[in-house]
Amino acid sequence: MITRKEKDSHKIWKNDILSVEAIIDVSLWDKQLINDFQKNLNKILSEIYKKSDLINTNKKNYVSVSFAGDKKIIELNKRFRKINLPTNILSFPSLIQKNNKIFLGDIIFSAETIFREAKKDKKSFKSHLIHLFIHGVLHLIGYDHQTENNAKIMENLEIKILETLKINNPYE
């Protein structure tokens, strides 16, 4: 689904339970922000595992992440959701299991939309990105916000995870 261009950087981040394969549009994403995200990734994933009962830690889990922009997000949003507008994140759950590995799916971020939202809501870009990553991973493992009850469950889980990372409740 995600293709590489010359302006893209390719990274693989691993811990004991999850591998993240990332494609970064370096023309849109700040190198230091990506480095900070990588440094926090183990703690973020650890907190998702601790608070979520849906991740199978007996198998190696894989996620594909694309740090893209509005152009790519609009293209995907239009194609898969029939919405011709940008959004901050798209998640495409997969849950393909092969041998002792599970591919959870794809997460795509839009730098421009995330920046606009962070600025409008007076949040740090880094905190907003971390929140959206958690949100995306929860979608990949089966959480949704299609009903009011499901939304409340997902939001409460996000808030608990963010709290342990010392990030304020994004829903206040």
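Me: Ground rules before I poke at this one: buried means under 20% relative accessible area, exposed means over 50%, and partly exposed is in between (1.4 Å probe, protein chains only). Which exposed residues are on the face of α5 turned away from its buried side?

Reply: Glu148, Asn149 and Glu163 are the exposed ones on that face. This is a predicted model, where local features need pLDDT of at least 70 and side-chain atom pairs count only at pLDDT 80 or more, while totals for chains, interfaces and linings use all residues. Residues are numbered from 1 along each chain as its sequence is written, and side-chain values use heavy atoms, leaving out hydrogens and water.

Me: And how are the helices and strands assigned?

Reply: They're DSSP runs numbered from the N terminus: H or I with at least four residues for helices, E with at least two for strands.

Me: OK, which residues of α5 are buried?

Reply: Ala151, Met154, Leu157, Glu158, Ile161 and Leu162. Looking down the axis of α5, the buried residues fall within an arc of 135 degrees (taken from the directions from the helix axis to the C-beta atoms), so they line one face of the helix.

Me: Why would residues spaced like that share a face?

Reply: An α-helix has 3.6 residues a turn, so residues three or four places apart point the same way.

Me: What do the buried residues of α5 pack against?

Reply: They pack against α1 (31-51) and α4 (125-140). Contact here means heavy atoms within 4.5 Å.

Me: How far apart are the end C-alpha atoms of α5, and what span should it have?

Reply: The ends are 25 Å apart, and the 17 residues (148-164) should span 24 Å, which agrees. The expected span is 1.5 Å times one less than the number of residues.

Me: What happens just after α5?

Reply: Lysine 166 takes a positive phi of about 65 degrees there.

Me: Which other lysines have a positive phi?

Reply: Among them is lysine 82, at about 60 degrees, in the loop between α2 and β4. Lysine 122 is another, with phi near 55 degrees, and its place is the loop between α3 and α4. Most residues other than glycine have a negative phi.

Me: Are those two buried or exposed?

Reply: Lysine 82 is exposed, with 70% relative accessible area, and lysine 122 is exposed too, at 78%.

Me: Switching to packing. At what angle do α4 and α5 pack?

Reply: About 135 degrees, with the axes 10 Å apart. The axes are lines fitted to C-alpha atoms, for helices over the stretch in contact, and angles run from 0 to 180 degrees between N-to-C directions. That makes α4 and α5 oblique to each other; angles under 35 degrees count as roughly parallel, over 145 as roughly antiparallel, 65 to 115 as roughly perpendicular, and the rest as oblique.

Me: Which residues make the α4 and α5 contact?

Reply: From α4 you have Ile130, His131, Ile134, His135, Leu138 and His139, and from α5 Met154, Leu157, Glu158, Ile161 and Leu162.

Me: What about α1 and α4, how do their axes cross?

Reply: They cross at roughly 45 degrees and come within 11 Å, which makes α1 oblique to α4. Residues of α1 in that contact include Phe37, Leu41 and Ile44, and those of α4 include Leu129, Phe133 and Val137.

Me: And α3 with α4: what's the angle?

Reply: Roughly 120 degrees, and the axes of α3 (residues 111-120) and α4 come within 9 Å. α3 is oblique to α4 as well. The contact is made by Ala111, Ile114, Phe115, Glu117 and Ala118 of α3 with Phe125, His128, Leu129 and Leu132 of α4.

Me: Last topic, threonine 87. Where does it lie, and is it buried or exposed?

Reply: Threonine 87 lies in the loop between α2 and β4 (89-98), and at 18% relative accessible area it is buried. Leaving out residues up to four places away in sequence, threonine 87 touches Ile73, Asn77, Arg81, Ser110 and Thr113.

Me: And lysine 78, where is that?

Reply: Lysine 78 is in helix α2 (residues 70-81), and counts as partly exposed at 48% relative accessibility. With the sequence neighbours up to four places away not counted, lysine 78 touches Ile83 and Asn84.
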